[in-house]
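Here is a short note for a colleague who is new to this structure. Please read the points with the model open beside you.

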Amino acid sequence: MEAVHEHDHSHDHPSGIMRWVKTTNHKDIGTMYLWFSFAMFMVGGVMALILRAELFQPGLQVVEPEFFNQMTTLHGLIMVFGAIMPAFVGFANWQIPMMIGAPDMAFPRLNNWSFWLLPPAATLLVLSMFVPGGAAGVGWTMYAPLTVQQGMGMDLLIFAVHILGMSSILGSINIITTILNMRAPGMTMMKMPLFVWTWLITAYLLVAAMPVLAGAVTMTLTDRHFGTNFFNAAGGGDPVLFQHIFWFFGHPEVYIIAIPAFGVVSQVIPAFSRKPLFGYASMVYATASIAILSFLVWAHHMYTVGMPVEAQLYYMFATMLIAVPTGVKVFNWVATMWRGSLTFETPMLFALGFLFLFTIGGFTGLVLSLTPVDVQLHDTYYVVAHFHYVMVAGALFSAFAGVYFWLPKWIGKMYDETLGKWHFWLSIIFFNVTFFVQHFLGLAGMPRRIPDYSLQFTDFNMISSIGAFGFGLSQLLFLYILIKAIRSGEKAPEKPWEGADTLEWTHLPTPAPYHSFETPPTVK
């Protein structure tokens, strides 16, 4: 019988580079997302270091002001759309099918395409620096009317955003379909691991929000080339309209970044506490309510545009309301650890770093939700400090926790635990050195997005720049840890976190408190 099937199967299983180009395997695609996001993280990081080098002293030293603005713009766009979002999509691709017992994603070919849309988009973003006039120095928010007057770098940027949005929407349709239709028998919605829930909610957010961004940049494009006047006041348009459209996407976007991070932390903390997540159902409802509320608060980014005081009042109260479900989540994570058998391996350290610093970021967000306070602090470094506590200490630390937590499962080898702890401590110390002082700069009135500043801001800027270079160099250690683990890591045991396999613990009664410094018992 063998002779009948002797035809060449090599085109079905391509090898070498074509394996990665053509793959429809969710694990391969997850891996590509993660490596792509790390590469973009490094590119965006270099851009941030150019900014911090310029800001080390007052005066203009390192770069031209116009190039400074281009770096600001591209650092923001690359970190948000190139680094953080693809990292969590990589986690989704790897983990969701395994967590729900599905053989793969619902649409494997579409999955391949979702990924391969990203490198061209990233290339367009970087290329925009090299066209006549340079990249659009408009800020990652791309505010009109400046975007209508920029050179062709802006067109590349608009095209890149369209492609990135397409990737996100297709990936989200895939995730939603997979979760709703491909769960194993017996896996009801309320039995799904929380990471799966957070991605289901995030995918709905993406499908709802990304087309709005596409609309904003398309209107910008037609203003630029086809004589429409959506945002051009000279032709009867309204620049503030752009801000409304942009932030109607932009506020859900920050939760598109944060919610999968919540999901990762909700897997890691129970594992290293050796007990089930406290308040599973309330976590699901809290996450869903955060997602819904995120569409109702967009104009808190716009307190200074001259909206009616009644509108300011509404946006202030609606924004403060988001603190409630967020507080529920933090309470549940802390309650999960309460009387648990805690151990502090690298994933748990990053999850705790996330918990502590994300909470600080949440509090400064609550401060900025207050209209009279925000009118003073708007466009100062206080805002920069706030959102980096949420994006870096929130999303990025959570992503690090996820990589260290799942790496043994992914590659079958262990990373170097000592180096992992070094990576954590260097990251958290330098992160705080970089961004904590920026709160003081903002309170003292230093505006953001400027290459030069007044003398009284010198000391804090020096501290911040030193911290930034320390943080950036610490991430090279992370790269070394990954390569070392892949090349020569010890074989991972079947249960790398002794007794800490989350899936085993999800639906068991809470074990009796275990008071011992030995390894906690594994539930059989």
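1. Start inside. The largest cavity holds about 130 Å³ of space. Of the 14 residues that line this cavity, Tyr 33, Met 85, Val 89, Ser 167 and Ser 168 are the closest to its centre. Keep in mind that this is a predicted model.

2. Which helices supply the lining of the largest cavity? At least two residues each come from helix H3 (65-100), helix H7 (153-181) and helix H8 (194-225). H7 has the largest share, with 6 residues.

3. Look next at the character of that lining. The largest cavity is lined by 10 nonpolar residues and 4 polar ones. No charged residue takes part in this lining.

4. How many cavities are there of 30 Å³ or more? The structure holds 4 of them. The second largest has a volume of about 40 Å³. Its lining consists of Met 85, Phe 88, Val 89, Trp 199, Leu 206, Ile 256 and Pro 260. Two of these names have come up before: Met 85 and Val 89 line the second largest cavity and are also among the residues closest to the centre of the largest one.

5. Now the helices around the second largest cavity. H3, H8 and helix H9 (239-273) each give two or more residues to its lining. H3 gives the most, with 3 residues. H3 and H8 also supply at least two residues each to the lining of the largest cavity.

6. Is the lining of the second largest cavity polar or nonpolar? Its residues divide into 7 nonpolar, no polar and no charged. The lining of the largest cavity, by contrast, includes 4 polar residues.

7. Move to the surface. A nonpolar patch is formed there by Leu 313, Phe 317, Met 320, Phe 363 and Leu 366. Together these residues have about 470 Å² of accessible area. Helix H11 (309-337) and helix H12 (346-369) are the elements that give two or more residues to the patch. H11 gives the most, with 3 residues.

8. Take one patch residue on its own. Phe 363 lies in helix H12. Is Phe 363 buried or exposed? Phe 363 counts as exposed because its relative accessible area is 55%, and the cut-off for exposed is over 50%.

9. To recap, go back to the two cavities and the patch. H7 has the largest share of the lining of the largest cavity. H3 gives the most to the lining of the second largest cavity. On the surface, H11 gives the most to the nonpolar patch.

Definitions and conventions:
Residues numbered from 1 in each chain as written. Predicted model: local features only at pLDDT ≥ 70, side-chain atom pairs only at ≥ 80, totals over all residues. Heavy atoms only, no water. Patch = residues over 30% accessible without salt bridge, like charges linked within 9 Å, V, L, I, M, F, W, Y side chains within 5 Å. Areas by Shrake-Rupley, 256 points an atom, 1.4 Å probe, with all protein chains shown as cover. Salt bridge = Lys/Arg side-chain N within 4 Å of Asp/Glu carboxyl O. Helix = DSSP H or I, 4+ residues; strand = E, 2+ residues; numbered from the N terminus. Buried < 20%, exposed > 50% of the residue type's maximum accessible area, 1.4 Å probe, protein only. 1 Å grid on protein atoms, 1.4 Å probe; cavity = no way out; pocket = protein on both sides within 12 Å on 5 of 7 lines; lining within 4 Å. Points joined across faces, edges and corners; volume = space filled by probe spheres on them. Nonpolar A, V, L, I, M, F, W, Y, C, P; charged D, E, K, R; others polar.
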